[in-house]
Amino acid sequence: MQPMKKSPAEITAEYTFPGIEAVHGVTYDGGQVWFASGDKINAMDPKSGKMVRAIDAAAHAGTAFDGKHLFQIAEAQIHKIDPKTGKVLASIPAPHGGGAGLAWAEGTLWVGQHRARKIHQIDPDTGKILRTIESNRFVTGVTWTDGELWHATWEGDESEIRHVDAKTGDVLECLEMPPGAGVSGLEAGGDRFYCGGGFSGKLRAVKKPKRG
């Protein structure tokens, strides 16, 4: 295995929102960035940095988008939500009663478990765990981009965005966030990662490493 490549994360934008005290899960629908803020899932235009709408929903952890629906961790459940109406269409149990990060890839959901230091691939219809990847750090946000699995870590004052081998969990690449810039939710969109900043109430954009 090649040695892990470490580099400082390059923050390209920082967003704050009036009345938003926390940013948890983050996802991207190809145009808007959605983020969980406790009792709402909010949609932001990344070009202007302005919120364009909000859905009332329990939203304290990971958020994902499958191309049509939003998925939101709410305590011990994962809700499937129609983004047009805000209606909960279905619910499945979150693995082991909860989760932090959430992503959609390969027709399945990927759930980060914070203190358990694991990522579970689960069936989106039943919640059944299909496989589990171990991490050596707390797992917060999870995202797939260009066939690569990335997850965020946040322990104490240190936070990283890590590219990991989806089969072994080995860390291949690491972007180190500045001290105090923790990452809760994580989602890739275009040439950047969108990073929830937890109780800072901030959403940050970090430049994605170039390939090829």
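**Note on the predicted model: pockets, sheets and turns**

1. The largest pocket has a lining of 19 residues, and Ala100, His114, Thr140, Trp154 and Ser184 are the ones nearest its centre. The space inside this largest pocket comes to about 270 Å³. Its lining divides by class into 5 nonpolar, 12 polar and 2 charged residues. Bear in mind throughout that this is a predicted model.

2. Next, the second largest pocket. It holds about 170 Å³ of space. Its lining is made by 17 residues; Tyr28, Thr143, Trp144, Glu187 and Ala188 lie nearest the centre. Five elements are worth checking on screen: β3, β7 (63-65), β11 (102-105), β15 (142-145) and β19 (186-189) each give two or more residues to this lining. By class, the second largest pocket is lined by 9 nonpolar, 6 polar and 2 charged residues.

3. Strand β19 deserves a look, as one of the elements lining the second largest pocket. Both of its faces are covered. Leu186 and Ala188 are buried on one side, and Glu187 and Gly189 are buried on the other. Two of these residues, Glu187 and Ala188, are also among those nearest the centre of the second largest pocket.

4. What does β19 pair with? Its antiparallel partner is strand β20 (residues 192-196), over 4 bridges. Within this pair, Leu186 has Cys195 of β20 as its bridge partner. The two strands form a hairpin, with 2 residues between them. Gly190 sits in that turn and has a positive phi of about 65°.

5. Now the sheets. One open sheet has 4 strands in the order β3-β4-β5-β6, paired antiparallel. Its edge strands are β3 (26-28) and β6 (50-59), each pairing on one side only. From one strand to the next, the twist averages 20°. Edge strand β3 also gives two or more residues to the lining of the second largest pocket.

6. The connections in this sheet can be followed in order. β4 pairs with β5 in the antiparallel sense over 4 bridges. Phe35 has Asn42 of β5 as its bridge partner. The hairpin from β4 to β5 passes through 1 residue.

7. Strand β5 (residues 38-45) then runs antiparallel to β6, joined to it by 7 bridges. Gly38 stands opposite Ala59 of β6. β5 and β6 also form a hairpin, here with 4 residues between the strands. Its turn contains Gly49, which has a positive phi of about 75°.

8. Trp34 is a useful residue to inspect in this sheet. It belongs to strand β4 (residues 33-36). Is Trp34 buried or exposed? Trp34 has a relative accessible area of 2%, so it counts as buried; the cut-off for buried is under 20%.

9. Which residues does Trp34 touch, leaving aside neighbours within four places in sequence? Its contacts are Gly25, Val26, Thr27, Asp29, Ile41, Asn42, Ala43, Arg53, Ile55, Leu70 and Pro83. Asn42 appears among these contacts and is also the bridge partner of Phe35. As for spacing, the C-alpha atoms of Trp34 and Met51 are 9.3 Å apart, with the two residues separated by 17 along the chain.

10. Another open sheet of 4 strands has the order β11-β12-β13-β14, with antiparallel pairing. β11 and β14 (129-134) are at its edges with a single partner strand each, so one side of each has no neighbour in the sheet. The twist here averages 20° from one strand to the next. Strand β13 (residues 118-122) runs antiparallel to β14, with 5 bridges joining them. Gln121 has Arg131 of β14 as its bridge partner.

11. Two backbone values call for a check. Most residues other than glycine have a negative phi. His96 has a positive phi, near 55°, and is not a glycine. His96 is in the loop between β10 (88-93) and β11. With a relative accessible area of 66%, His96 is exposed.

12. Arg117 is the other case. Its phi is positive, about 55°, although Arg117 is not a glycine. This residue lies in the loop between β12 (108-113) and β13. Is Arg117 buried, exposed or partly exposed? Its relative accessibility is 28%, so Arg117 counts as partly exposed.

Conventions. Residues numbered from 1 in each chain as written. Predicted model: local features only at pLDDT ≥ 70, side-chain atom pairs only at ≥ 80, totals over all residues. Heavy atoms only, no water. Pairing = 2+ DSSP bridges. Axes fitted to C-alpha atoms, helices over the stretch in contact; angles between N-to-C directions. 1 Å grid on protein atoms, 1.4 Å probe; cavity = no way out; pocket = protein on both sides within 12 Å on 5 of 7 lines; lining within 4 Å. Points joined across faces, edges and corners; volume = space filled by probe spheres on them. Nonpolar A, V, L, I, M, F, W, Y, C, P; charged D, E, K, R; others polar. Buried < 20%, exposed > 50% of the residue type's maximum accessible area, 1.4 Å probe, protein only. Contact = heavy atoms within 4.5 Å.
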